[in-house]
Amino acid sequence: MPTTFNRREALKTGAAASAFAGVSILASKKTLAQRQQKLIYWHLPAFTPLADDAVRDQFEEFRKMAGLSESEAAFVPTANSELIPRLAAALETNTPPDVVRLYESYVQLYRKQGHMMDVTDLVEKMRGEEGGLFDSSLTAVAHDGKYWGVPFAINPWPMHVRMDVLEENGLDYPKTWDEFVETCLKIQKPPFYGYGMDLGLTQDATDNIMQICWCYGGKTFNADGTPAFDNEGNVAGFAFINEMYNEHKIIPRGVIGNGDTAWNNKAYQSGQVAFIQNPTSVYAYLSGEDPELMAKTGLFGVPEGPAGSVNQIDTWSLGLFNASPYPDLAKGLAQHMMQPSLYNEVITNTNGRFVPVYPDLFNDPWWTSRPEFGQFIDIAKTGVPVSYEAPPTATAGEVLATNVIPEAMQLVLVDGVDPAEAVAEVHQKIVAIHERLG
Amino acid sequence: MAAATISGSKRRLKIIGNVFLLVFVIWTLIPFYWMLVTSVKEHDEIYGTSATLWPQRPTLDNYRTLFFETDYFLFFRNSMTVALATTFFTVLCASLAAYAIVRLRFPGRNFLARGMIYTYLVPQSLLFIPLFSIMAGVGFTNSLTGLTIAHMGFTIPFCTWLLMGFFMSIPIELEESAFVDGCTRLGVLFRIVLPISLPALAVVAFFSFTLSWNEYLYAVVFNSAPHVLTIPTGLSNFVVEDVFFWGPIMASTALTVIPPLLVYFFFQRWLITGLTMGAVKA
Amino acid sequence: MLEKAVGSDVRGHVAAPSRRAQLVNDQRFIALLFLLPTILVLCFVVIYPFFSAISISFQDKMIGGTASYIGLGNYYELFGDRVFLKVIRNTIIYTLVAVALKFLLGLAMALVLSQDRPLNFLYRTILFVPWAVPTIVAALSYRWIYDDFSGLYNNLLLALFDMGDVISWLGDPNLAMGSVIAVVVWSGTPFYTMSFLAGLKAIPNELYEAARIDGASVWQEFWHITVPQMRKVFVIVVMLSSIWTSTNLVIVQILTNGGPANATQIMPNLSYKYALLAGRLGIGSAVNMVFFPLLAILIYLLSRRMLARRD
């Protein structure tokens, strides 16, 4: 075969292919202008159908108020597991939604990258409402004197307790962690275990681990955000957890194989454990699906350690993005939804899943008629984020998302690594992350 | 004498085969059995302290939830459309491409043959972002067409390769005799090569259909508008943060398995088509 | 007119150069036509994303952030991490074992199913079920089956034997990898079974008949007829399955998410963790690229064998 033909043909096909690829690349760059809708809201499930409907109704209300047609305003339900890939793709093409509920550290991360809209005016307005806002929710979205997210909900982490089992054994809720161990030893009868702690490579595991370390005086960050994991409190906490798992055996062995955060929920829902420390997603689920078990469930703050009792809260906020072509519409929607009366409707319908960011709304009969939530207002006031002692930061977010702490904990539990060594290693990793993101 | 020994060893093989088959069938069915049984259990039983092998009070509640509280029929229709389109176009493109690579001479032939497989070296979890970027740029997001094309990107390389392997083992004499009779290339492909390759085409069709039917990541990222959602998206509705609603999840699975099974059940005779090479003498 | 030219040239061995040139041109044109749809789709859907993923591995790109080229920086970071080396080892073992098991089981089943048997069609359909089930759901179901307390296996074992404690299929570091591989094998064997079945059906019966007449034993038939005839299908299936098995993150993610203590952490999961959970697309892509050379060599070697033509 004549070779000259070969080369020319090959070049031609090669050129054609690259031209095609090139066109695709160029075409993909100009995506922004092609958005049809003026307002796009991604709705993460609010946990109960009633709450979801309430949010949808409020969205519709605003749409009509703003004079938008149905095709110009999009209410996009997004499951939690779908959010990560969808938002990643959206950010990469500079087409994020106008409003979406974000976890605390993501607000800070995206702010750092320049994606978040300055919503100080909105938040100030909310502060002006009767009773103002919880300070913790403000810290979560604050930076440099401005606010970069609209606080939406507070998420406490109470200990869910099988009160009936305690009663049967004539016991009270343990005051200290040592008493906790004793109580568990008394009430448990494998396969019924005491503490359904999450120790898998999951986000909840980080929370459960730190919730104990804090009671021993541990922390992850200093107040200024610098890594401070290398401390005695954390070592003591790690050692205590190791005792609970390997010595006292009040935690089911299989928890270190958990792949996601649902298994301790299920363990509690199936009556296999007496205690779990979890956001009230469990409680809310029970109120809808298993009222019997819900009636037997008590909600408490964590037991005390040598350094006292430290409770955790997470903050969810509505994020508004700079890429929004109609920022006034985005702000309008957020403002509409955060009006106390409308907002209250959504929050109370989540059956305890979320706690309002307006302290005043705790006076609503939904809360006052439920004594089990009595401690919640205190937890909301005094609770700390998982990034304690610092406010939520991008570094804290990555530490949480990549399971740095549970990984080390597992080494202690499974490979017998010394807690001090494990803690030191975690500290190094956090320092490395901080150098990159800090 | 020889015949007796042969049938004896054949019988032994048959027995061994049957034993293997039984064991394997049971092992295969266990999880599926679990899915089915869970899908008809009441909530209390699902969340009971121990696993029950048989539902105590079978209920269709989970299916009811699926049909009436979600847009399951719409998801089903969308998934079916995309899966069928993917299958049809994959078979078409892969057949044409495989034939060209195997029978025709042209520059870049080897490169193309090998190059296609390299596309599998980067997993979906890394490809989806730049792919989304392209789809958005060309306006193919929130469309079933875009999703079909994305699925074809995954099915075509493998299917082309499988068909290449098959076409290569078809003696060229078959085609040559057709050329003598004045057949075109296309004619040879459709009238001679493809009918002989039915087993391979069957695998291609099952593969494409099933892959497209069950595909999750692209479906979730490219399509978010309600009218183009597919079944895997529907599944995510039943996982709310850290709570799995197992009943509807299993019900959804039990139903979702049916179309691929039906496709397979009815078309498996294509797999059986034997090759009657001996019948054609050059 | 063109077709006639083609036909007569293929048949005859004597062809004037000009005719041969015509033939070549003709083939190229037809090839282009035949290949156009495929090339279009692949260019659009694969080529740009593919090269994009490769180039990102040399950048410090974060999701939503700006990027700059850092050469081999990501790779240095990876190879300095003890966990990464463990992940490489895990991935290789995981892939080898899973592919080997799938191969043996798939071949065994294909052979068994090609025996004469009533209801074969039913068995074939049953064995197809794992493929019809989306991987996510298969993984979720198995997660439950493996559960310590409400799991099927433990409940069965407790009912049948008197065990002191439950077996922690996913929590015991010694069992976790095996349990995960079992799910991979469950989910992926039908692909082998079906491909091998199709391959077996394509073997001409005359070969077997001729062997039988010569008095070959069943084993000889298998080794000297079946295996050589199936070689191409073997190559395709093993090659592709190796790639797909080693890049599929769903099963590990749902069962153990890499635990306990990274016993089941494999490459695609680590890549996902970096790329999407930590938002570090650059190093996430680099994780995948580390395996690239291994897999590319595999493809090259196997495809060379396969593409060797008789003429």
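# Reading a predicted three-chain model

Visitor: In this predicted model, how close do the axes of helix α7 (residues 144-168) of chain B and helix α10 (residues 218-247) of chain C come, and at what angle do they cross?

Guide: A helix pair can be read from the approach of the two axes and from the angle between them, and here the axes of α7 of chain B and α10 of chain C come within 9 Å and cross at roughly 170°. Since angles over 145 degrees count as roughly antiparallel, α7(B) is therefore roughly antiparallel to α10(C).

Visitor: Is the crossing of α7(B) and α10(C) left-handed or right-handed, and which residues make the contact?

Guide: The crossing of these two helices is right-handed. On the side of α7(B), the contact is made by B:F158, B:W161, B:L162, B:G165 and B:M168, while α10(C) brings C:K232, C:V233, C:I236 and C:L240. Sorted by class, the residues of this contact are 7 nonpolar, 1 polar and 1 charged.

Visitor: If I step back from one helix pair to the chains themselves, how many residues of chain B are in contact with chain C?

Guide: An interface can be read by counting the residues on each side, and in this case 85 residues of chain B are in contact with 87 residues of chain C. On the chain B side, the element that gives the most is helix α1 (residues 2-39), with 15 residues. The classes on that side of chain B are 59 nonpolar, 21 polar and 5 charged residues.

Visitor: And how many residues of chain B are in contact with chain A?

Guide: Here 27 residues of chain B are in contact with 38 residues of chain A. The elements of chain B that each supply at least two residues to this side are α6 (124-138), α11 (217-222), β1 (239-240) and β2 (243-244), and the largest share, 8 residues, comes from α6(B). By class, the side of chain B that touches chain A divides into 15 nonpolar, 10 polar and 2 charged residues.

Visitor: Which domains does the assignment give for chain B, and how many residues does each bring to the contact?

Guide: A domain assignment splits a chain into stretches of residues, and for chain B it gives domain 1 (2-46) and domain 2 (71-279). Taken over C-alpha atoms, the centres of these two domains of chain B are separated by 29 Å. Their contact takes 7 residues from domain 1 of chain B and 6 residues from domain 2 of chain B. On the domain 1 side, α1 and α2 (43-46) of chain B are the elements that give two or more residues, and α1(B) gives the most, with 4 residues. That side of domain 1 of chain B divides into 3 nonpolar, 3 polar and 1 charged.

Visitor: How are chain C and chain A divided into domains?

Guide: Chain C is divided into domain 1 (1-56) and domain 2 (75-307), with C-alpha centres that lie 36 Å apart. In chain A each domain is written as two stretches, domain 1 being 33-155 + 314-382 and domain 2 being 159-310 + 402-437. The C-alpha centres of the two domains of chain A lie 29 Å apart, and 11 residues of domain 1 of chain A are in contact with 11 residues of domain 2 of chain A. The domain 1 side of this contact in chain A has 3 nonpolar, 6 polar and 2 charged residues.

Visitor: What can be said about chain A as a whole, starting with how many helices and strands chain A has?

Guide: Chain A has 20 helices and 11 strands, and along its principal axes its C-alpha trace spans about 85 × 65 × 40 Å. For overall packing, one can set the radius of gyration beside that of a compact globule, which with 438 residues would be near 22 Å; chain A has 25 Å, which agrees.

Visitor: Where are the cis peptide bonds that I should look at in chain A and chain C?

Guide: A cis peptide bond is read from omega, and in chain A the bond from A:Y388 to A:E389 is cis, with omega near 15°. A:E389 is found in the loop between α17 (376-382) and α18 (394-401) of chain A. In chain C the bond from C:G259 to C:P260 is cis, with omega near -15°, and C:P260 is found in the loop between α11 (250-255) and α12 (267-277) of chain C.

Technical notes. Residues are numbered from 1 along each chain as its sequence is written. Chains are lettered from A and ligands numbered from 1 in the order in which they are written. This is a predicted model: local features need pLDDT of at least 70, side-chain atom pairs count only at pLDDT 80 or more; totals for chains, interfaces and linings use all residues. Axes are lines fitted to C-alpha atoms, for helices over the stretch in contact, and angles run from 0 to 180 degrees between N-to-C directions. Angles under 35 degrees count as roughly parallel, over 145 as roughly antiparallel, 65 to 115 as roughly perpendicular and the rest as oblique. A crossing is left-handed if the near helix is turned anticlockwise from the far one by less than a right angle, and right-handed if clockwise. Two residues are in contact if their C-beta atoms, placed from the backbone, lie within 7 Å. Ala, Val, Leu, Ile, Met, Phe, Trp, Tyr, Cys and Pro count as nonpolar, Asp, Glu, Lys and Arg as charged, and the others, Gly among them, as polar. Domain bounds come from an automatic or database domain assignment. The radius of gyration is taken over C-alpha atoms; the globule rule is 2.2 Å times the number of residues to the power 0.38.
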